[in-house]
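Q: I'd like a close look at one part of this model, and then at the places around it in the story. Please take it slowly, since I'm new to this.

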Amino acid sequence: MEIINLGRADGLPPVDWAVVAGKLDAAPTPSPDAANSRTTWLCTINEDGSPHVTAVGALWRDGAFWFQTGAGTRKGRNVARDPRCSIAVSVPDADVVIEGDAARVTEPAALARIAKAWADNGWPAEPDESGQGITAPFNAPSQGPPPWNVYRIKPRSAIVTVAAEPGGLTRFRF
């Protein structure tokens, strides 16, 4: 891993990726009234090259972010055409932006594992009968009908901004 301390000129120490990954693994969320209360944002690339940003119910598992969407959604069409994307999320005392490629997941054991993780977090997802996606009794209406495709974003790089003392701003390349 390459570590680039973007805050060095301001006397800030480099951020410790292990601490950030631990916070992502623990899935803690800032309190609802915190300055960085949790929403996970996905940015994909539209056909004309412009960015498309949308909130998603992404999960951090096994060192990667996972999200689901309908094949006909804008984000679904975007990642099918160009897998480059980023995910932005706040964890206690830090903001994290991860860049990588969205890869569609169709392996049954991986789908079952991530569906269970969503179910454990309150959304009753499960693999669909085809084994190619997931289903649930409900989803955002904009996702279209199930089954929904599942994508995994393994980090290629990350930028972390730490708000708590002593602060920090670091880019990681994996």
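**Starting from strand β7**

A: Ala 94 is buried, with a relative accessible area of 4%. Here "buried" means under 20% relative accessible area, "exposed" means over 50%, and "partly exposed" is anything in between, using a 1.4 Å probe and protein chains only. Before going on, keep in mind that this is a predicted model, so local features need pLDDT of at least 70 and side-chain atom pairs count only at pLDDT 80 or more, while totals for chains, interfaces and linings use all residues. Residues are numbered from 1 along each chain as its sequence is written, and side-chain values use heavy atoms, leaving out hydrogens and water.

Ala 94 belongs to strand β7. Strands (E, at least two residues) and helices (H or I, at least four) are DSSP runs, numbered from the N terminus. Along the chain, Ala 94 and Val 15 are 79 residues apart, yet their C-alpha atoms are separated by 9.9 Å.

Take a step back to Asp 93, which sits in the loop between β6 (84-91) and β7. Asp 93 has a phi near 70°, a positive value in a residue other than glycine. Most residues other than glycine have a negative phi, and most peptide bonds are trans. With 43% relative accessibility, Asp 93 is partly exposed. Asp 62 has a positive phi too, near 55°; you'll find Asp 62 in the loop between β4 (59-61) and β5 (64-69), and at 51% relative accessibility Asp 62 counts as exposed.

Back to β7, this time for Glu 99. The side chain of Glu 99 meets that of Arg 171 in a salt bridge, N to O at 3.9 Å. Arg 171 is in strand β11 (residues 168-173) and Glu 99 in β7 (residues 94-105), so this pair ties together parts that are 72 residues apart in sequence. A salt bridge, by the way, is a side-chain nitrogen of Lys or Arg within 4 Å of a carboxyl oxygen of Asp or Glu. Glu 99 is partly exposed, at 32% relative accessible area.

How many salt bridges turn up in a search of the whole structure? There are 6. One of them links Lys 116 and Asp 120, whose closest N and O atoms are 2.9 Å apart. These two are 4 residues apart in helix α3 (residues 108-120), so about one helical turn separates them. Asp 120 is exposed, with a relative accessible area of 56%. Another pairs Arg 84 with Asp 82, at 2.7 Å between the closest N and O atoms. Arg 84 is partly exposed at 44%, whereas Asp 82 is buried at 15%.

Arg 84 also leads us to Thr 44. Arg 84 is among the residues in contact with Thr 44, along with others including Ser 50, His 52 and Cys 85, once neighbours within four places in sequence are set aside. Contact means heavy atoms within 4.5 Å. Thr 44 is in strand β2 (residues 41-45) and is buried, at 1% relative accessibility. Its side chain joins that of Asn 78 in a polar contact of 2.9 Å. A polar contact is a pair of N or O atoms within 3.5 Å; within protein, one must be able to donate a hydrogen and the other to accept it, and residues adjacent in sequence count only if both atoms are side-chain atoms.

Now for Asp 128, in the loop between β8 (126-127) and β9 (134-135). What is the nearest side chain of opposite charge to Asp 128? That would be Arg 104, 7.2 Å away, and buried Asp 128 has no salt bridge. (Lys and Arg count as positive, Asp and Glu as negative, with His and the chain ends not counted.) Instead of a salt bridge, look at the backbone: the Asp 128 side chain reaches the nitrogen of Gly 133 at 3.0 Å and that of Gln 132 at 3.4 Å. Pro 147 is one of the residues in contact with Asp 128. Pro 147 itself is in the loop between β9 and β10, and a cis peptide bond with omega about 5° joins Pro 146 to Pro 147.

That loop, before β10 (149-162), also holds Gln 143. Gln 143 is buried, at 8%, and its side chain makes a polar contact of 2.8 Å with the side chain of Thr 69.
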